Amino acid sequence: MSQSTQRNQAWLLASRPHGEPVKENFRLVEQPIPKVKDGQILLRTLYLSLDPYMRGRMDDSKSYAAPAELDQPMVGGTVSEVVESQHADFKQGDVVLAQSGWQSYAVSDGNGVAKLGDLPHPSWALGILGMPGFTAYMGLMDIGQPKQGETLVVAAATGPVGATVGQLGKLKGCHVVGVAGGEEKCRYAIEKLGFSACIDHHREDFAEQLAAACPDGIDIYFENVGGKVFDAVFPLLNTAARVPVCGLVSGYSSRELPPGPDRTPQIMGGILKRRIRMQGFIIFQDYGDRYPEFLKAMTPLVEQQKIHYREHMIDGLENAPQAFFDMLKGKNFGKTVVKVS
C-alpha cells in the first residue's frame with residue numbers, strides 16, 4: 001500500500017481518569033497523514049514505548065512535566081523511520097528516537113529527535129539503552145553509590161529498570177534481593193539475572209521473607225513501586241542507607257490517602273535517626289547531560305551479555321491501551337513495547 005493511500009492511526013486522550021485508567025479514557029481515530037513543510041520530517045512509528053510515567057501525564061495536576069493534552073495523541077517515546085525529509089540533518093530511511101506518541105505517523109521539526117546507530121535491536125533504544133536503562137544506571141550509581149558487600153533491594157525486579165539495577169548491583173559486588181510478582185518472575189530474577197534472592201510480593205509472609213533474605217539489613221533500596229513493598233523495606237534500612245526514588249507505580253491512580261494512622265512522624269524519625277538518604281530524580285531533567293556517559297558504560301555490558309534484557313512485545317497499535325493497563329498492574333514480563341509497523 002502506498003503512503004498516499006495510508007492513514008495516520010492515533011490513540012487520543014479522550015478524558016482524564018478517576019482512579020485507574022480505562023479504555024474509555026482513549027479514543028482511536030484515523031486521520032490523514034500530516035504534510036511536511038520546510039524544515040520538518042515525517043516520521044513513521046516502528047515501536048512505541050509504554051511506561052508507568054504516562055499514568056501521571058494523564059492527570060492535569062501540577063508535576064515535573066505538562067499534562068498530556070485532551071483530544072491529542074497520547075504522549076510516548078518512539079523509535080521511528082524518517083519517510084520524508086525537508087530538514088538538512090535528516091534523510092529518508094534514518095531510524096531515530098523521537099517522542100511521536102501513540103500514533104503511526106508524526107511530523108517533527110527535529111527538536112529532540114536523535115539518530116540511532118547500528119543497534120542490533122532498534123527497540124532497545126526504548127529500554128536498556130534508553131530512558132529505563134538510563135534511569136537504572138544513574139539512580140543506582142549516582143544516588144545509590146553501591147559498594148562491595150552491601151545489600152541492594154529493588155522492586156519490580158524483572159521490569160526494565162529493576163532488572164538493570166539488580167544486574168549492575170551484582171557487577172558491583174552487592175548482595176542483590178529482588179521483589180517481583182509471581183514465582184515465574186522470581187525464578188527469572190535468580191536464574192537469568194543472577195540475583196541472590198527474589199521475593200514474591202503476593203505472598204502473605206512477604207515481609208518476613210524479605211527480612212530473612214536481608215540478614216544484614218538493607219543498604220540501598222531502589223524505589224519504583226511504593227506501597228506494601230516500601231512498608232516491608234523501611235524497617236530494614238541500615239544507618240546511612242540510600243533510597244533512589246524514580247517511581248511509585250502502586251500509587252499513580254490513587255486520589256486520596258490510604259486509611260490508617262499517620263505514619264509520617266515514624267518515617268521521618270527513621271530517616272533522621274538512621275541518616276537515610278532518600279532522593280527523588282527525573283532522569284532527563286537531572287542527568288540529561290550525562291546520557292553519553294551512560295551509553296559508553298552500558299553498551300559494552302549489553303553487547304558482552306553481562307547485562308540481560310527482556311522485552312514484552314505487543315503487536316499492533318490497536319492493542320496499546322490494554323497493554324498499558326496490564327503494565328500498570330504488573331502483568332507484563334519485561335519492557336513493554338508496542339510494534340506499530
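**Group meeting: one cavity, two cores, two helices**

Let's start with a list. Thr 158, Gly 159, Pro 160, Ala 163, Tyr 188, Leu 193, His 308, Tyr 309 and Arg 310 line the largest cavity. This is a predicted model, so please keep that in mind. The volume of that cavity is about 40 Å³. How many cavities of 30 Å³ or more does a search of the whole structure find? One. Its lining divides into five nonpolar residues, three polar and one charged.

Now take one lining residue, Tyr 188. Tyr 188 sits in helix α4, residues 183-191, and is buried there. Lys 185, Cys 186 and Ala 189 are buried in α4 as well. Why are these four on the same side of α4? Because they cover an arc of only 160° around the axis. Turn to the face away from that buried side, and you find Glu 183 and Glu 191, both exposed. And the cover over the buried residues? It includes β9, residues 175-180, and β10, residues 197-200.

On to the cores. In soluble globular proteins, nonpolar side chains tend to be buried together. Here, the largest nonpolar core has 38 residues. Which residues have the most contacts inside it? Ile 128, Val 165 and Met 298. Several elements give two or more residues to this core, among them α3 (160-171), β9, α4 and α9 (291-303). The largest share comes from α2, with six residues.

Look at Ile 128 for a moment. Leave out residues up to four places away in sequence, and Ile 128 touches Gly 133, Thr 164, Phe 294, Met 298, Val 302, Ile 307 and Tyr 309. Tyr 309 you have met already, in the cavity lining. There is also a second, separate core, of 25 residues. Phe 230, Phe 234, Leu 236 and Val 245 are included in that one.

Last stop, helix α10, residues 320-328. Seven of its nine residues are buried, so α10 is largely enclosed by the rest of the structure. Which seven are the buried ones? Ala 320, Pro 321, Ala 323, Phe 324, Phe 325, Met 327 and Leu 328. Their cover includes strands β1 (8-13), β2 (26-31), β3 (41-49), β14 (311-315) and β15 (335-339). Helix α1, residues 53-57, is part of that cover too. One backbone detail to finish: just after α10, Gly 330 takes a positive phi of about 75°.

Technical notes:
Residues are numbered from 1 along each chain as its sequence is written. This is a predicted model: local features need pLDDT of at least 70, side-chain atom pairs count only at pLDDT 80 or more; totals for chains, interfaces and linings use all residues. Side-chain values use heavy atoms; hydrogens and water are left out. Buried means under 20% relative accessible area, exposed over 50%, partly exposed in between (1.4 Å probe, protein chains only). The arc is that of the directions from the helix axis to the C-beta atoms. Contact means heavy atoms within 4.5 Å. A nonpolar core is a set of buried Ala, Val, Leu, Ile, Met, Phe, Trp, Tyr and Cys residues joined through side-chain atoms within 4.5 Å. On a 1 Å grid over the protein atoms alone, a cavity is a set of points where a 1.4 Å probe fits but cannot get out, and a pocket is an open set with protein on both sides within 12 Å along at least five of seven lines; lining residues have an atom within 4 Å of a point. Grid points are joined across faces, edges and corners, and a volume is the space filled by probe spheres set on the points. Ala, Val, Leu, Ile, Met, Phe, Trp, Tyr, Cys and Pro count as nonpolar, Asp, Glu, Lys and Arg as charged, and the others, Gly among them, as polar.
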